[in-house]
Amino acid sequence: MQNTDNTTVERELELKLVLSPERSVPVPARLAYRTDDPYAVHVTFHIGTDHPVNWTFARELLVEGVFRACGHGDVRIWPTKVDGRGVVLMALSSPDGDALLEAPSAQVSAWLERTLRAVPPGTESERLGMDDGLAELLAAAVIADELWLRDPWPSDESQDGEL
């Protein structure tokens, strides 16, 4: 049964857009996790324009990226230390360009912990009602098969072999 108790777990934080090893600029951001979209995390970057930049990727990717390098293609995440501070680096690539962002590990980890309490790993599909939906589809397929296998026209041959 689909859980309709929708919750959003948000966290405002300041990331750093890394321009070079010596230079970065602050970027206000919002991390958001919605229990009605349990596999995804949403990051909104406020870059000083009227239109914030939004990224969505797998929560599992961010959870793993707090501990070890992961991802490929558009989103890559890995932990490191900068000036003795634990940070999580996110490399984002799009047709519009590439960005390397630095986030404080402690804040990201605390927010992730809240998302994991809201929807524990392995229970995401229960939030979507996928099992119920699949059961409905399979039940409809069984009924359709039974109808398909049933002969809609009685045989022209008589039961006694008479013509």
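**Exercise 1. Find out how exposed Glu113 is, and which partner its side chain has in this predicted model.**

*Solution.* Start with the surface. Glutamate 113 has a relative accessible area of 39%. Buried means under 20% and exposed means over 50%, so glutamate 113 counts as partly exposed.

Next, look for a partner. Glutamate 113 forms a salt bridge with arginine 117, and their closest N and O atoms are 3.8 Å apart. Arginine 117 has a relative accessibility of 57%, so this residue counts as exposed.

Finally, place the pair in the chain. Both residues belong to helix 2 (residues 105-118), and because they are four residues apart there, about one helical turn separates them.

**Exercise 2. Work out which strands are tied together by the salt bridge between arginine 30 and glutamate 10.**

*Solution.* A general idea helps here: side chains of opposite charge can pair when their charged atoms come close.

Step one is the distance: the closest N and O atoms of arginine 30 and glutamate 10 are 4.0 Å apart. Step two is the location. Arginine 30 sits in strand 2 (residues 23-34) and glutamate 10 in strand 1 (residues 8-20), so the salt bridge ties together parts that are 20 residues apart in sequence.

Step three is the surface. Arginine 30 is partly exposed at 25% relative accessibility, and glutamate 10 is partly exposed too, at 43%.

Step four widens the view: Glu10, Glu12 and Arg30 are linked in a network of salt bridges.

**Exercise 3. Describe the salt bridge between arginine 34 and aspartate 37, then say how many salt bridges the structure holds.**

*Solution.* The side chains of arginine 34 and aspartate 37 meet at 3.6 Å, N to O. For arginine 34 the relative accessible area is 33%, which means partly exposed. Aspartate 37, with 24%, is also partly exposed. In total, the structure holds eight salt bridges.

**Exercise 4. Is threonine 44 buried or exposed, and what does its side chain meet?**

*Solution.* First, find the residue: threonine 44 lies in strand 3 (residues 40-45). Its relative accessible area is 11%, so threonine 44 is buried.

Now look around it. Setting aside neighbours within four places in sequence, threonine 44 is in contact with several residues, including Pro28, Ala29 and Arg30, as well as Pro52, Val53 and Asn54. With asparagine 54 there is also a polar contact of 2.8 Å between the side chains.

**Exercise 5. Describe the largest pocket: its volume, its lining and the strands that supply the lining.**

*Solution.* Rolling a probe the size of a water molecule over the atoms shows where empty space is left.

- Volume: the largest pocket has about 260 Å³.
- Lining: 13 residues line the largest pocket, and Phe45, Ile47, Val53, Trp55 and Ala99 lie nearest its centre.
- Character: the lining divides into nine nonpolar, two polar and two charged residues.
- Strands: strand 4 (53-58), strand 7 (85-94) and strand 8 (97-104) each supply at least two lining residues. Strand 8 gives the most, with four residues.

**Exercise 6. Step back and summarise the whole chain: its helices and strands, their order, and its buried share.**

*Solution.* Begin by counting: the chain has four helices and eight strands. Then follow their order along the sequence, which reads β-β-β-β-α-β-β-β-β-α-α-α.

For the buried share, 28% of the 163 residues are buried. To finish, consider contacts between residues at least 6 apart in sequence: 37% of these join residues at least 24 apart.

Methods
Residues are numbered from 1 along each chain as its sequence is written. This is a predicted model: local features need pLDDT of at least 70, side-chain atom pairs count only at pLDDT 80 or more; totals for chains, interfaces and linings use all residues. Side-chain values use heavy atoms; hydrogens and water are left out. Buried means under 20% relative accessible area, exposed over 50%, partly exposed in between (1.4 Å probe, protein chains only). A polar contact is a pair of N or O atoms within 3.5 Å; within protein, one must be able to donate a hydrogen and the other to accept it, and residues adjacent in sequence count only if both atoms are side-chain atoms. Contact means heavy atoms within 4.5 Å. On a 1 Å grid over the protein atoms alone, a cavity is a set of points where a 1.4 Å probe fits but cannot get out, and a pocket is an open set with protein on both sides within 12 Å along at least five of seven lines; lining residues have an atom within 4 Å of a point. Grid points are joined across faces, edges and corners, and a volume is the space filled by probe spheres set on the points. Ala, Val, Leu, Ile, Met, Phe, Trp, Tyr, Cys and Pro count as nonpolar, Asp, Glu, Lys and Arg as charged, and the others, Gly among them, as polar.
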